[in-house]
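Student: Could we go through this model together? I would like to know what stands behind the words people use for it.

Tutor: Gladly; have a look at it first.

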Amino acid sequence: MKNRPKQIDISDLAFFVAFLLLFQSCKETLQIDSVTKQPKLGTKSVKILEVAGLEFRDLNKNDTLDPYEDWRLTAEVRSTDLVSKLSIPQKAGLMLISTTLMKNDAGRGPGKEPITSGFNETDAVSDVNFFTKKPLSAPMMSTAGTTKDVDEFYKRHFILRANTAVDTIAKWANRLQELCENGAFGIPATIASNPRNHISVDASVGLTMGRTAFTPFPGELGLAAMRDFELVRQFADISRQEWRAVGINKGYMYMADLATEPRWQRTEGTFGEDAELAANMMTEVVKGFQGEQLGSTSVALTTKHFPGGGSGEGGQDPHFDWGKKGIYPGGMFERNLIPFKAAIEAGTSAIMPYYSLPSGTEYEEVGFAFNKRILQEVLRGRLGFKGIINSDTGPIEMMPWGVEELSIIERYKKALEAGVNLFSGQADPTLLIEAISTFPELMPIVDASVHKILIEKFQLGLFENPYVDVSAAKQIVGNDEFKKTAEVALRKSIVLLRNQNEILPLKANTKVYFETFTENRDASPTNVFQTDNNSWDIEFVDSVDKADFTILWLIPKGKSLFQSNGGPLHIDLSNNGIDVEYIRQVAAQKPTILAVNYTNPWAIDEVYQDGSKTILGVLATFGTTPEAILDIVTGKYNPSGKMPFTTPISDEAAQNQKSDVPGYLEGDAYGLFNFDEGLRYSTN
């Protein structure tokens with residue numbers, strides 16, 4: 001195979017040659033502007049060079065200012081210079097991103113000892129797909145020992161999944177950057193994370209972190225429910241400040257997918273079913289995290305999952321072979337592209353294709369990471385995306401849908417030719433290096449990919465100062481001002497859906513029994529609200545019989561994504577952790593306000609239908625607090641939220657919904673609560 005004729009992609013080669021010429025031109029014509037601003041440099045071991053009264057880091061330790069070390073040059077020119085210096089193993093290392101573990105981090109659950117800021121030096125290798133539990137065609141290293149990862153694999157992209165103290169993360173990030181600084185060319189680390197600033201139900205590896213030390217805002221659906229785009233921008237800006245304070249500089253988020261399939265287990269991470277609303281949300285979060293352009297205070301975002309993962313067959317997810325088909329029975333494939341177009345126009349740094357393969361379309365039935373027409377014609381061509389294409393975790397080894405018959409190195413080749421620049425999941429670059437060596441015609445594509453990857457690092461200012469101030473991080477993350485903004489968001493995210501006879505807001509001195517019901521493996525599913533800090537003009541009682549009104553907050557929990565077994569998915573309450581008979585009994589005793597936390601568009605007909613005699617008010621929440629709910633029901637805060645999706649009138653209706661069609665287009669008989677529905681209190 002190594003003797004096959006060399007085939008060069010002329011467009012990639014021309015691109016690379018153009019940058020070489022640009023680099024040479026800039027070298028020859030560079031003039032020092034008298035107003036050139038010296039950036040702050042951070043260094044642990046490399047020298048500082050002084051040139052023309054300015055300072056630069058000598059990252060390759062050769063006592064000479066190389067173009068890639070010269071912050072006066074553009075990111076494109078600096079990247080071109082550095083690419084020209086790298087070996088194939090170094091380039092391959094830069095094209096992989098995988099999970100990295102802190103010391104005592106168990107990876108998929110709490111360890112026996114507290115997580116510290118040290119490194120985990122143990123490799124994690126498996127011959128079983130940790131999602132499906134099925135055998136892999138070849139063993140996969142999902143995590144490498146940190147020092148090995150940096151020094152032997154030349155890796156400089158890492159996914160941090162640990163949920164621990166702010167100062168611990170900051171100290172660890174500094175140690176990782178110091179290790180990278182000591183390596184060849186001093187290339188800094190890109191440290192990525194999934195969302196850390198939301199109250200969420202399904203906190204899982206690869207989805208969201210759940211409650212952390214970071215300022216807690218509503219879930220993504222709740223942000224969309226606010227319909228306050230200025231506040232969404234503030235959320236993203238606050239999150240950006242917190243992330244950069246601890247050394248996290250890249251976000252594996254947000255989901256531009258449309259939640260048009262009500263059974264999909266990843267609905268909680270979307271901005272709802274409407275393409276225009278999702279597009280507006282993507283604009284705000286990208287600009288809030290990145291700014292108008294990437295800079296030294298930005299967090300680079302990876303928008304996912306192109307071209308939309310919300311229309312899987314049967315609501316199943318393509319992490320699994322039983323969910324690998326993306327289907328479009330309503331003919332609305334194009335509508336899925338609208339939020340991605342908005343993210344691209346806002347400047348998103350990277351885009352992540354999903355595992356699915358398009359079924360019954362004009363496109364090749366292979367996973368999107370292997371789908372050249374989808375990535376080149378649609379993403380690069382029609383939508384004009386010029387940034388990094390970052391695969392989801394493991395399409396080469398674990399989810400090679402449509403290319404199962406290809407070898408690992410052949411899958412790498414197909415994905416590279418399709419347009420993937422950065423591969424997520426595999427820690428060991430050995431097979432990627434073998435693919436590049438076996439198919440030398442890939443080199444221009446590899447160089448162009450590394451060029452894009454390095455540009456992001458230069459734009460983020462990491463080559464000048466990748467270090468953070470640990471003491472400042474503790475002051476920034478979760479500070480009182482940030483929390484005040486989040487408190488407003490938590491209240492604005494709540495939707496008032498029914499208010500029979502204007503029973504809300506509750507009158508002063510009302511006696512209230514407030515119970516939360518959520519399935520809990522280790523404790524009672526019910527929790528009665530009590531407080532020593534009663535700031536509401538109502539009295540809390542400990543039993544229904546003492547109450548004038550009952551507030552019931554239901555927090556349904558579907559089967560976790562990674563517990564999927566391919567069985568049918570349902571959205572009724574009884575199939576999602578709610579004891580329907582118990583709720584009926586409680587609600588029958590006193591006039592009741594029903595609050596439901598929506599991570600999917602739950603069908604609640606088992607406990608509520610319009611015209612109910614005892615449930616007089618209905619609220620929708622999307623990750624909030626009991627205090628926020630009480631502020632709404634007592635009138636301390638006038639509800640303003642609007643539904644981000646339509647909720648089916650029954651589970652049967654959901655089973656019959658077209659997977660790519662939003663609920664509001666399914667007809668008048670489909671929904672109980674409609675997209676964009678939401679009431680306010682009269683101000684009279």
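**Reading the terms**

Tutor: This predicted model has 18 helices and 23 strands.

Student: What makes the protein as compact as a globular protein of that length?

Tutor: Its radius of gyration is 26 Å, and the globule rule gives 26 Å for 684 residues; the two values are close, so the description holds. Along the principal axes, the C-alpha trace spans about 80 × 55 × 45 Å.

Student: How many of the residues count as buried?

Tutor: Of the 684 residues, 62% do. Buried stands for under 20% relative accessible area. What the protein does expose comes to about 25600 Å², with carbon and sulfur atoms supplying 48% of that.

Student: Why is helix H11 called mostly covered?

Tutor: Because a residue is buried when its relative accessible area is under 20%, and eight of the 11 residues in H11 (408-418) are buried, the helix earns that description. Among them are Ile408, Ile409, Tyr412 and Leu416, and also Arg411 and Lys413.

Student: What do the buried residues of H11 pack against?

Tutor: Their partners are strands E3 (96-100), E5 (135-143) and E14 (422-424), together with helices H10 (372-382), H12 (430-438) and H13 (443-459). Just after H11, Gly419 has a positive phi of about 135°.

Student: What makes a group of residues a nonpolar core?

Tutor: Its members are buried nonpolar residues joined through side-chain atoms within 4.5 Å. The largest such core has 132 residues, and those touching the most other members are Leu82, Leu176, Val246, Phe306, Leu379, Phe423 and Leu454. A second, separate core has 35 residues, including Val586, Val596, Ile604 and Ala654.

Student: Which residues does Leu176 touch, leaving out those up to four places away in sequence?

Tutor: Leu176 touches Phe119, Thr146, Val150, Phe158, Ala189 and Ile191. In soluble globular proteins, nonpolar side chains tend to be buried together.

Student: Among contacts between residues at least 6 apart in sequence, how many join residues at least 24 apart?

Tutor: The share is 75%.

Student: Where does pLDDT stay under 50?

Tutor: There are such stretches at residues 1-11, with 11 contacts beyond four places in sequence, and at residues 204-209, with 29 contacts of that kind. Where pLDDT is low, the predicted coordinates should not be read in detail. For the protein, pLDDT averages 93, and 93% of the residues score at least 70.

Methods: Residues are numbered from 1 along each chain as its sequence is written. Side-chain values use heavy atoms; hydrogens and water are left out. Buried means under 20% relative accessible area, exposed over 50%, partly exposed in between (1.4 Å probe, protein chains only). Helices (H or I, at least four residues) and strands (E, at least two) are DSSP runs, numbered from the N terminus. Contact means heavy atoms within 4.5 Å. pLDDT is the predictor's confidence in each residue, from 0 to 100. The radius of gyration is taken over C-alpha atoms; the globule rule is 2.2 Å times the number of residues to the power 0.38. Accessible areas come from the Shrake-Rupley method with a 1.4 Å probe; for residues, only the protein chains shown count as cover.
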